[in-house]
Amino acid sequence: MNILVCIKQVPDDSVEVGIGADGKPAIDSITKVVNAFDTYALEMAARYKEALGDDSEITVLCVGPDEAKNSLKNCLAVGGNTAYLASDAAFSGSDPSGVAVIIKDAIAKLEEDKGAFDLIFTGKEATDAALGQTGIYLAEQLNTGVITNVIAIDVKDGKAVAKQETDEGYRMVESDTPVVLTVSKPDYDPRYPTIKNKMAARKKPIEGFDASILADPSLVGDAGAKVVAIKTYEPPKKEAGVKVQEESDEDSALKAIGMMVEAKVLG
Amino acid sequence: MAYLISDEAKDLLQDVHEFCENEVKEQCKEYDKSGEWPKEIYDKAIEMQLHSLEIPEEYGGPGLSRVDIAALIEEMARADAGFATTISASGLGTKPVLIAGNEEQKKHVCEVIVNGGFGAFALTEPGAGSDPAAGTTTAKKDGDSYVLNGRKCFITNGGIADFYCVTALTDKSKGVKGMSIFLIDAGTPGLSSGHEEDKMGIRTSNTADVVLEDVRVPAENLLGNEGDGFKIAMQTLDQARAWMGVVSTGISQRAMDESIAYCKERVQFGKPVIKFQAMQFKIADMAIKIETSRQMNAYALNLMDMGKRHSKEAAIAKCYASDKAMEIATEAVQMFGGYGYSREYPVEKLMRDAKIFQIFEGSNEIQRIVIANNTIPR
């Protein structure tokens, strides 16, 4: 099985992000990590590969700045066999459809050496902008099927069988391969890198692609973006509440209910 | 500020930090209450290979410098000192073999650890603590084997180890010169673990008696020669002590981190108490003690890496870092005020955890004897 996992490097989502002086999210000082949903995708791919127990290979691909190499090395420590970074100033400002074009052209290059990919994993969304579109655009670009919100995967008789998470529960979805799978949180966590795997991963080369791989450069970057963020807002600050403290608890409760009726929260 | 470590170790430190935050720190709170040995946490740590950092590269270890390893162990101790103590105690159990064992013995113990086992060093006896020469455990030669009898106590990993390095007198008449060390695998008939200590702190580590009743081991299980035991034991402790300095410093760092976080939140007299210089000076004193502890730990470990003498420096590192850990943890409780005395807050545990580091692996009084003996010209 020839497996590709597409990852994005994002600011650590456990850190609160403010708006900087330029009106954009101030993320420069926040540690960069692999998008959580992409780590689930890689873990799912690694588990699937281990279950097969054959010579399946996992290639990891990232579109991002040069510093994203660090994230790719982390991926090599937890299941990735080889890793590639698509990085060029011309890619900057790409919207999800532009990123999908870059990935499509990078896949074409990778497939020259590695042969066709059977399964292409992405996270269902990134934890920074949470647009959740890249995987779907990618399937469109590749002219393959796409199964979203995947929480388990198997391949039987040449067909991918995925467990798709829905609001009500899950459903089983079957698709021809190659197929793009956008992964949600499965019922397990990604593994921690072992000390030795991490040390070995640090020594592995990360090869790169630049804008010369693009079949149509007009589709990427700021100029190619069809979606533009006009303004970014911070969530409203939580305002201090009203403190109710009457003589007895009963009086306090009655006063609080009275205030809520007055504010038409309760009818 | 921290240890000066390689880029590789910095990367690993981030992984260890994440692991400890997600899998150790909060989880150990409950185990601290119950006193249960948290096997599932150790299983995860083993999977990540955190237990075999000290194993030499040629026997399957990662091949990091001791200071690199110290940074990782400190991070584990910051999460839970008992957790770090268990991991370090396997290193302690392995050291007599690495110091005096033959190739086969070295391979054996390293393989056990790399494959997820634990080791223990059994020196202390009920009547032989600071004075190991008063030990009564004996090993009698009988043909091609030795037969051991006695009782060891306060043995870290005593109830869970896969192998033990046990000191025993092969010749009672010679005092410490009649002491020898034997490598004994768990499961050897006659070897059992006894009473488990219900400890004040480091409650996620196992401390138990090890009982030897006619334990017969082949003569090749002797480490080095008959009579080498005391020397090997002292060399073992010389090395191990610096690591206890490292674990102590992890407790200190945690205590300072918790104090800063609390003092930023706690408002009195209309402002967070961190704004008061009285609190700032306490934090500054903590930082001074932590950084100086680290420098001494690193110096002792660097000497070890260089193959140089380190008895005095390791004793200073252990003695100083553990005294400072106790001071810092006590000060942290003070800074938390009444909440510091409550089990709902994290610092009283640090105070309980810190205390043992002034006592075990040579009490700090014994460390001062070692330091004096290595300082005063004869």
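Which strands of chain A does helix H1 (residues 36-52) lie across? In this predicted model, helix H1 of chain A lies across S1, strand S4 (57-63), S6, strand S7 (145-156) and strand S10 (179-183) of the same chain. Its direction makes an angle of about 150° with S6(A).

**Chain A: a sheet with helices across it**

Let's start with the overall picture. Chain A has seven helices and 11 strands, and its C-alpha atoms fill a box of roughly 75 × 45 × 40 Å along the principal axes. Of the 267 residues in chain A, 37% are buried. If you take contacts in chain A between residues at least 6 apart in sequence, 69% of them join residues at least 24 apart.

Nine strands of chain A build an open sheet with mixed pairing, and reading across it you meet S9-S8-S7-S10-S6-S1-S4-S5-S11. Strand S9 (170-176) and strand S11 (207-209) of chain A each have a single partner strand, so one side of each is left without a neighbour in the sheet. From one strand to the next, the twist averages 35°.

In general, strands of a sheet pair through backbone hydrogen bonds, either parallel or antiparallel. Here, strand S1 (residues 2-7) and strand S6 (residues 119-123) of chain A run parallel and are joined by three bridges. Look for A:Ile3, whose bridge partner in S6(A) is A:Leu119.

Back to the helices: H1 of chain A has company. Helix H4 (residues 134-142) of chain A lies across S6, S7 and S10 of chain A, at about 180° to S10(A). Here are the two helices side by side:

| Helix of chain A | Strands of chain A it lies across | Angle |
|---|---|---|
| H1 (residues 36-52) | S1, S4, S6, S7, S10 | about 150° to S6(A) |
| H4 (residues 134-142) | S6, S7, S10 | about 180° to S10(A) |

**Where the chains touch**

How many residues of chain A are in contact with chain B? Eight residues of chain A are in contact with 10 residues of chain B. On the chain A side, that's four nonpolar, one polar and three charged residues.

**Chain B and its domains**

The domain assignment splits chain B into domain 1 (7-114), domain 2 (119-227) and domain 3 (231-373). Between domain 1 and domain 3 of chain B, the C-alpha centres lie 20 Å apart. Their contact takes 22 residues from domain 1 of chain B and 21 residues from domain 3 of chain B.

On the domain 1 side of that contact, helix H3 (66-79) and helix H4 (81-100) of chain B each supply at least two residues. The largest share, 11 residues, comes from H4(B). By class, this side of domain 1 of chain B has 11 nonpolar, five polar and six charged residues.

Helix H9 (residues 347-355) of chain B is worth a look too. Its buried residues are B:Val347, B:Lys349, B:Leu350, B:Met351, B:Asp353 and B:Ala354. What covers these residues includes helix H1 (7-34), H4, helix H6 (229-265) and helix H8 (311-336) of chain B.

**The nonpolar cores**

The largest nonpolar core has 118 residues, and B:Ile73, B:Met76, B:Val166, B:Phe182 and B:Ala329 touch the most other members. Take B:Met76: leaving aside neighbours within four places in sequence, its contacts are B:Val16, B:Cys20, B:Leu50, B:Phe83, B:Ala84, B:Ile87 and B:Gly250. There is also a second, separate core of 63 residues, with A:Met44, A:Phe91, A:Val99 and A:Leu110 among them.

Methods. Residues numbered from 1 in each chain as written. Chains lettered and ligands numbered in written order. Predicted model: local features only at pLDDT ≥ 70, side-chain atom pairs only at ≥ 80, totals over all residues. Pairing = 2+ DSSP bridges. Helix = DSSP H or I, 4+ residues; strand = E, 2+ residues; numbered from the N terminus. Axes fitted to C-alpha atoms, helices over the stretch in contact; angles between N-to-C directions. Contact = placed C-beta atoms within 7 Å. Nonpolar A, V, L, I, M, F, W, Y, C, P; charged D, E, K, R; others polar. Domains from an automatic or database assignment. Buried ≥ 20, exposed ≤ 12 C-beta atoms within 10 Å, placed from the backbone. Core = buried A, V, L, I, M, F, W, Y, C linked by C-beta atoms within 7 Å.
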